Each structure stands twice: as C-alpha cells, then as structure tokens.
Amino acid sequence: MAHKRGKKYQDAAKQVEADKVYGMGDAIDLVKKIDFAKFDATVEVAFKLNVDTKQADQQLRGALVLPNGTGKETTAIVFAKGDQAKAAEAAGADVVGEQDLVERIQDGWLDFDVAIATPDMMAQVGRLGRVLGPKGLMPNPKTGTVTMNVEKAVSDAKNGQVTYRTDRDGNVAVPFGKVSFDADKLAGNLKSIAETIVRIRPAAVRGTYVQHVSISSTFGPSVDVDLASLLA
C-alpha cells in the first residue's frame with residue numbers, strides 16, 4: 001500500500017511542476033520556499049548513477065569539505081595515543097582516547113558524529129565494527145578518517161566535511177546545508193559536490209553516468225535539477 005503523505009507535503013508538492021527539470025538557482029529557491037518543517041531543515045542532493053556496485057571499482061566512497069559548511073555542529077572523536085592524541089586535542093577533538101574510548105562505545109555511548117583513528121589504533125577500533133559500521137561511523141581511509149594527520153581530519157570534520165557513498169542501487173545522497181542558508185551558499189556547496197561526483201566517474205562506466213539529480217529538504221518533496229546547471 002502506498003504511503004499517504006500529509007496535507008503540508010501535498011501542498012508543497014503541488015508547487016513543483018511535474019516532469020520539469022529546474023536550473024540550480026530555481027531549484028534551490030523552490031526547495032527553500034516549499035519547506036514546511038518547524039526546524040531548520042537539512043537540504044540534501046541525490047544522484048542516480050549508472051554504476052554497477054557489484055564491481056569494486058564502481059563503488060564510490062569518499063569525503064569532501066563543503067566551501068560554506070554544513071550548518072551543523074559536529075562532534076568528533078579520535079582514537080589515538082601519545083603525540084597523535086595531543087595533536088588531536090590541540091586541533092579541537094571533542095573526545096580523545098585509546099582502549100578506554102573503545103570500551104566506552106562498547107558500553108553504548110554513541111553521542112558523536114565522526115570517528116577518526118590513527119592506523120595503529122585500528123586493531124582495537126576494529127572490534128567496534130558491528131556497532132559503528134551500520135551507523136556509518138567506522139573510521140575509513142577512503143573518507144580520511146584513518147590517518148596520521150589527525151589535525152587535518154579533525155579540522156575537516158569540524159569545518160563542513162561530508163561523506164558520500166553509493167548504495168546498492170547506485171544512488172548517492174549528500175547533505176549540503178540548511179534551509180536557512182543563503183541561496184548562494186547552498187549553490188556553492190551543491191556545485192562542489194556535483195563536481196566531485198563527476199570527477200570520480202569510474203573508468204569502466206559506459207553511457208550516461210549521472211542519470212538523475214534531485215534536491216529536497218528533510219520533509220519536503222524533491223525537485224529535479226539539471227546537471228549542466230550544477231557544472232556551469
């Protein structure tokens with residue numbers, strides 16, 4: 001049975017022209033206009049990509065720092081010891097630890113947004129795979145969260161870093177700001193993400209790589225966006 005949408009959603013959806021593909025500026029303005037959340041909603045972009053995620057070389061995963069930030073306060077923890085632990089603290093990490101931090105998470109603490117680890121800590125951190133993996137919090141070299149440069153990793157996490165990865169159907173969804181952001185700031189972030197997605201096109205892909213792009217606020221309807229307008 002189809003999920004019945006509420007009246008506010010239906011009213012918002014009526015303002016989106018069926019089958020129309022909007023230019024970036026018009027799409028952002030419309031998403032801001034039709035948002036009806038009672039909080040400062042997140043704005044997200046979704047790409048439908050022509051990739052075969054059964055092939056390892058077509059599974060996209062990584063991170064980028066948005067030029068205008070995410071509008072979200074990020075809590076970053078770091079698994080490190082010695083000089084690396086001191087560097088993480090100096091860079092502004094919210095919690096730094098070793099085995100004590102592993103045990104704290106095993107006991108159920110998950111009040112953080114990003115987990116960073118130095119390579120020498122991954123043997124211990126690996127025990128948290130079942131807890132952190134499903135939540136997308138497991139440190140990973142592809143997203144820059146397993147690194148000896150903890151200062152940069154913490155700085156990136158605190159200054160607008162977002163991660164992306166393909167799901168099994170080849171979709172990539174990335175938040176790029178808040179409804180309260182100026183349209184120009186949202187546009188700058190959206191362009192940065194689109195340019196990254198296009199740049200990392202797997203060599204094996206044939207035909208149209210980006211098949212569909214849309215943006216939406218947390219509860220709002222999606223608005224289709226012309227890819228060319230994101231790359232202009």
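**Close-ups of a helix and two pockets**

Count up the lining of the second largest pocket by class and you get two nonpolar, three polar and five charged residues. This is a predicted model, and the legends below take a closer look at its pockets and one helix.

**View 1. The second largest pocket holds about 160 Å³ of space.** Its lining includes Thr-53, Ala-56, Gln-59, Leu-60 and Arg-61. Further along the chain, Lys-142, Arg-165, Thr-166, Asp-167 and Arg-168 also line this pocket.

**View 2. The largest pocket has a volume of about 760 Å³.** Of its 27 lining residues, Asp-113, Gln-161, Val-162, Thr-163 and Pro-175 are the closest to the centre. Three strands each give two or more residues to the lining: S5 (114–117), S6 (161–165) and S7 (171–178). Sort the lining by class and you find nine nonpolar, 11 polar and seven charged residues.

**View 3. Helix H3 (residues 82–91) has buried residues: Gln-84, Ala-85, Ala-87 and Ala-88.** Look down the helix axis and the buried residues of H3 fall within an arc of 160°, so they line one face of the helix. What do these buried residues pack against? Their partners are strand S3 (76–79), strand S4 (95–97) and helix H7 (150–158).

**View 4. Asp-83, Lys-86 and Ala-90 are exposed on the face of H3 turned away from its buried side.** Now go to the end of the helix: H3 is followed by Gly-92, and the phi of this glycine is positive, near 105°.

Key
Residues numbered from 1 in each chain as written. Predicted model: local features only at pLDDT ≥ 70, side-chain atom pairs only at ≥ 80, totals over all residues. Heavy atoms only, no water. Buried < 20%, exposed > 50% of the residue type's maximum accessible area, 1.4 Å probe, protein only. Helix = DSSP H or I, 4+ residues; strand = E, 2+ residues; numbered from the N terminus. Arc of directions from axis to C-beta. Contact = heavy atoms within 4.5 Å. 1 Å grid on protein atoms, 1.4 Å probe; cavity = no way out; pocket = protein on both sides within 12 Å on 5 of 7 lines; lining within 4 Å. Points joined across faces, edges and corners; volume = space filled by probe spheres on them. Nonpolar A, V, L, I, M, F, W, Y, C, P; charged D, E, K, R; others polar.
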